Each structure stands twice: as C-alpha cells, then as structure tokens.
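Open the model in your viewer and keep the selection panel handy. This is a walk from one stop to the next, with a note on what to look for at each.

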Amino acid sequence: MVKYILTQTQMDAVNAKGEHILVKGIPGSGKTTVLLMKLQNIIEEDPSSSILFITFNNTLQKYIKESLQKDLEEELQMNLDKLNVEVSTYHKWAAKMLHRINKYKEPVGKDTFSTFFNELSGTHRYYKDEKYRAFVEEEIAWIKEKGIKMFDEYKDIRRTGRGTALQANDRKVVYTILEAWNSYLHANALYMWQDYANVVNDNINQVNKQFKYDYIFIDEAQDLSQIQLISLRKLARKGLVVAADLGQKIYKTDFTWLSVGIKVQGGRTKKLSGAFRSTKEIMDLANSLLKHDTTLNPEDIEQEYDAEESGLLPGVLNANSYQYETELVAKLIKDIQAQTKADGWEPTIGILLFENHRIDGWRKSLYYSNIQSEIIRDQYGSALTPGVKLLTMHGAKGLEFDYVIISGLNDRFPLLRNRLEDEINNAIDTNRRLLYVSMTRAKENVYLTYKGKPSRFIEELDKEFYRFEEY
C-alpha cells in the first residue's frame, strides 16, 4: 500500500475499527489522506470490496480520482477502473441511482422558483413582498434537506440558522407554499436538488438492490444535508467513514450526528492534531478571521494547530487607483515564479475568485500580462500539475496549492444585497468561513488582494499576522 508518513493520531484513525468512524481535524490535518489510506487498506485486504467515496464537488471528485489512481498504480499495481470503487458527488450518484430505478426527473432551472412564486396569491407578507422570495425558497430547501414530510413535524421543530422569526402562522404559510411548489414540480416533471436525496431515501430498498456497498466514505461531510447523510448511512453494509470540520462549513446545513443515525460516540471519533499543509503564519491569520464567527462553538474555533513556521507573513495587497487588480496579481505571480525558479522548482498557484462569471475575464487579463493560466471548473483542469490555476473559492474546497491568491476582496464581498436585515449576520458568517477555507488551501503563503474599499473581512484580520502593501 502507499507509504504515507503519518502521525500517530493519523495512524490511529486509519486503523480504527467500527461500523461508523468520524475523522475530525482542522484544514491540512490530513483528513482526506486518512480516508484514502483507509480505503487503500481495504482494497489491499479485499480487492473485491464495493466502495463508494462521496466528495464535496466535481472539482474535488476529479482530484480524489487522480490521487487515488496514481497511488494505486504506483504502490499496488492496480487500476482504479478495474476495481469496484466509485468516486462521485452526492448529486451525481443520486441521479444515477434514480435513473436505475426509473424515478429520475430533471432538476429545476435557475429561475423556476421565481416563475412559480410570481404566480402565487395571498395576503401574508410572504406572498406580497418580493424580498421574501429568497427567504421562502431557502426555507423550503431546508425543510427538504431535513427530510420533513408532514407539517406537524415542521411546526414544532427547532429552527436554527434563520434570522427572521418563524411564528406558527408563518410556518403554516411556508408549508402551504411548499405543498403548492411540490404540485408544480410534479406537474412539470421536475425535482429540486434537495428532492434527489429524499427520493433516494424513500426508495432505499430498491437502491440497495442496484448496488450493495460494503463501505462508504464521505469527505467534507459538514456540507452535506441531513437527508443525504441518512440515505448514505443506510447503504453502508460494513462500514461508514466520515471526515468533517464545522469550521469549514460553507453551506447552511443543519444536523447532528445523532439525527442522521451515525454513531460516533467514544472511540468512534478520531480527532487529528497538527496542521501539515499550511504554515503557522497562514494558520494564525486564518484563525484570527474565524474567531469572529458567531455560530460556531469555541472548540470549533479555538483549535490547536502545531504548524511549522516559515518566517514569511501572508500579504494583504491593495491595487491603487491607477491600475487594475489583475495587473497587481500578474506582478505577484511573476515575483513568485521568479523566486521559485531560482530555488529550482515550479509551484502551483491558485487564483481564487468568489464569482464564477469573472474567471474567464481574469484569464484573458492575465494572458495580456504574459501569464498562462488554467481554469479548474467541474471536470476540467488539475490542481496536481504546476502552474497558475483559476477557480472559485467554493471550487477550491478540499484542494491545495503551493501559493494561494484570493482576489476581489473589496466591499462587495460578501454580497448582501436582497438579504433580509436580520438574515445578514448568517450570510456574513457563512462567507467568513468560505474565506477561511480558501486561505487554508495554501501551503507556502497566501495573499489577499482588492481594489478600492476593502471587505469587512480584511478589517477583521489581526494586523499582527500579515504585511500590507499598496501598489
């Protein structure tokens, strides 16, 4: 098997036995490495084992498959395609399962709910005020993610993560809209994304007949929904291995391990110590940001990280009024490449942006500055090869780069327009964790850039842990 150099706590997690195993740890503590090592041990012991590995997104799916394929070929002389191992996102996997049992429907389009909502009529403020459309849509998604099927269950359930108070009458209106929405979906042969997990769970016996999984691995489990985790737990015949870190939660998921039936009490939870990706300087800066989170428990914020010092402070760079931000970043890239070339190596440099639609424009601008770059999006591009990579902050989750440059951190991030006033804090917390995750993708150093007025998150950073430059 692959000869990783593991710490004692990592080895304990790899060797842990039990029906359910939870691996916890800060960014760079080796959670994914432990999962891959544990998977390879199973393959070495029994190559016929049926294994499902669920990843967070398409980009991470490709990264995991590439890493696993390389390790299997080099150390076990095995081809991943010849084994009974499936690496997939939850939605891709669920869609395939529903095709197999003839329950598949197309997902809703971007504006489908808006079209439906505009046709509603009623006297409650949820009907009359357009600003509540997104609120109601998110609440319906939450109900489906919890696997709730009856109003009596919804009306009494503790509701977290919503700033706007949901009184009994408000909940009744939401559920009435949900029932009308379900009728609309049925009439148009559509599913919400959240419906896929519910239909899988409702037909779990049929799904189980299609594929009998011995083991299921779940990476970045904190961002899966309750009903997704329930359905996966029911399919694992021999073992379920889960990696998670609440400090890296970037979606509005809401569950406890007990609520999804995953038994992680006692020795079933393995907490990894140490940070082996990022330097102490990067972790100090990232944690100075995370400490402002209002939803996490102190133990999820004040985590110990035994990271090595590099002597290099991260940078916060402001483009002056006479240049584009892309010009600043191009100069920074050239400086990094010149230094690493002099040291005899070529790094991976991840350029992370919040908005996906800006990536193509950035690639063109960097090209005009004589910077060749590769876009990582869905199944395209690789984080394993040297060079400059362009991708979203969401898409970078689970990946790592030698250097990370997070750009566009002006006062438009986070985007808070069209948010209800008492929902703003939740949006700020979610985006703060997204920035935290993005910063901790870096191994050697991280740079935050902006033009104009800085993001509120720049103001939250401890000035002791970064150097500021204005170009």
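## Starting at a proline

Select P414 to begin: it sits in the loop that runs between β13 (401-406) and α17 (424-439). This is a predicted model, so everything on the tour is read from predicted coordinates. Show the backbone from F413 to P414 and look at the peptide bond, which is cis, with omega at about 10°.

## Zooming out

Now show the whole chain as a cartoon. You should find 18 helices and 15 strands. Along its principal axes, the C-alpha trace fills a box of roughly 65 × 60 × 40 Å. How does the radius of gyration sit with a compact globule of 471 residues? The chain has 23 Å and the expectation for a compact globule is near 23 Å, so the two agree.

Colour by burial next: 56% of the 471 residues count as buried. Then turn on contacts between residues at least 6 apart in sequence; 79% of these join residues at least 24 apart. With a surface on, about 21700 Å² is exposed, and carbon and sulfur atoms supply 47% of that area. For charges, pick out the 64 positive and 67 negative side chains; the centres of the two sets lie 5 Å apart.

## Into the cores

Hide the surface and go for the nonpolar residues. The largest nonpolar core holds 70 residues, and those with the most contacts inside it are V85, I406, L435, M439, L448 and L461. There is also a second, separate core of 35 residues, which includes A197, V199, Y213 and L232. As a background note, nonpolar side chains in soluble globular proteins tend to be buried together.

Back in the largest core, centre on M439. Leaving out residues up to four places away in sequence, M439 touches I282, L285, A286, L289, I406, V446, L448 and L461.

## Two covered helices

For the second core, select α10, residues 193-202, where 8 of the 10 residues are buried. The buried ones are Q194, D195, Y196, A197, N198, V199, V200 and N201.

Then add α12 (226-235). Is this helix mostly covered or mostly open? It is mostly covered, with 8 of its 10 residues buried. To see them, select Q226, I227, Q228, L229, I230, S231, L232 and L235. What do they pack against? Their partners are β2 (51-55), α4 (90-100), α7 (133-145), α10, α11 and β6.

## Loops around β6

Step to D214, in the loop between α11 (204-210) and β6 (215-218). Its relative accessibility is 6%, and since the cut-off for buried is under 20%, D214 counts as buried. Show what surrounds it: apart from neighbours within four places in sequence, D214 is in contact with S49, S50, A236, R237, K238 and G239. If you want a distance to draw, the C-alpha atoms of D214 and E106 are 29 Å apart, with their positions 108 residues apart along the chain.

On the other side of β6, in the loop leading to α12, find E220. E220 is not a glycine, yet its phi is positive, at about 55°. Buried or exposed? E220 is buried, at 5% relative accessibility.

Compare that stop with D378, in the loop between β11 (373-375) and β12 (387-392). D378 also has a positive phi, near 55°, without being a glycine. At 40% relative accessibility, D378 counts as partly exposed.

## A contact across the sequence

Go to N57, in the loop between β2 and α3 (58-76). N57 is buried, with a relative accessible area of 14%. Show its contacts beyond four places in sequence and you get T89, H394, G395 and K397. Another distance to draw here runs from N57 to Q379: these residues are 322 apart along the chain, while their C-alpha atoms are separated by 9.7 Å.

## Last stop, on the outside

Finish on H186, in helix α9 (residues 168-187). H186 counts as exposed, at 60% relative accessibility. Draw a line from its C-alpha to that of Q210: the two residues are 24 apart in sequence and 25 Å apart in space.

Terms used:
Residues numbered from 1 in each chain as written. Predicted model: local features only at pLDDT ≥ 70, side-chain atom pairs only at ≥ 80, totals over all residues. Heavy atoms only, no water. Helix = DSSP H or I, 4+ residues; strand = E, 2+ residues; numbered from the N terminus. Rg over C-alpha atoms; globule rule 2.2 N^0.38 Å. Buried < 20%, exposed > 50% of the residue type's maximum accessible area, 1.4 Å probe, protein only. Contact = heavy atoms within 4.5 Å. Areas by Shrake-Rupley, 256 points an atom, 1.4 Å probe, with all protein chains shown as cover. Lys, Arg positive; Asp, Glu negative; His and termini not counted. Charge placed at Lys NZ, Arg CZ, Asp CG, Glu CD. Core = buried A, V, L, I, M, F, W, Y, C linked by side-chain atoms within 4.5 Å.
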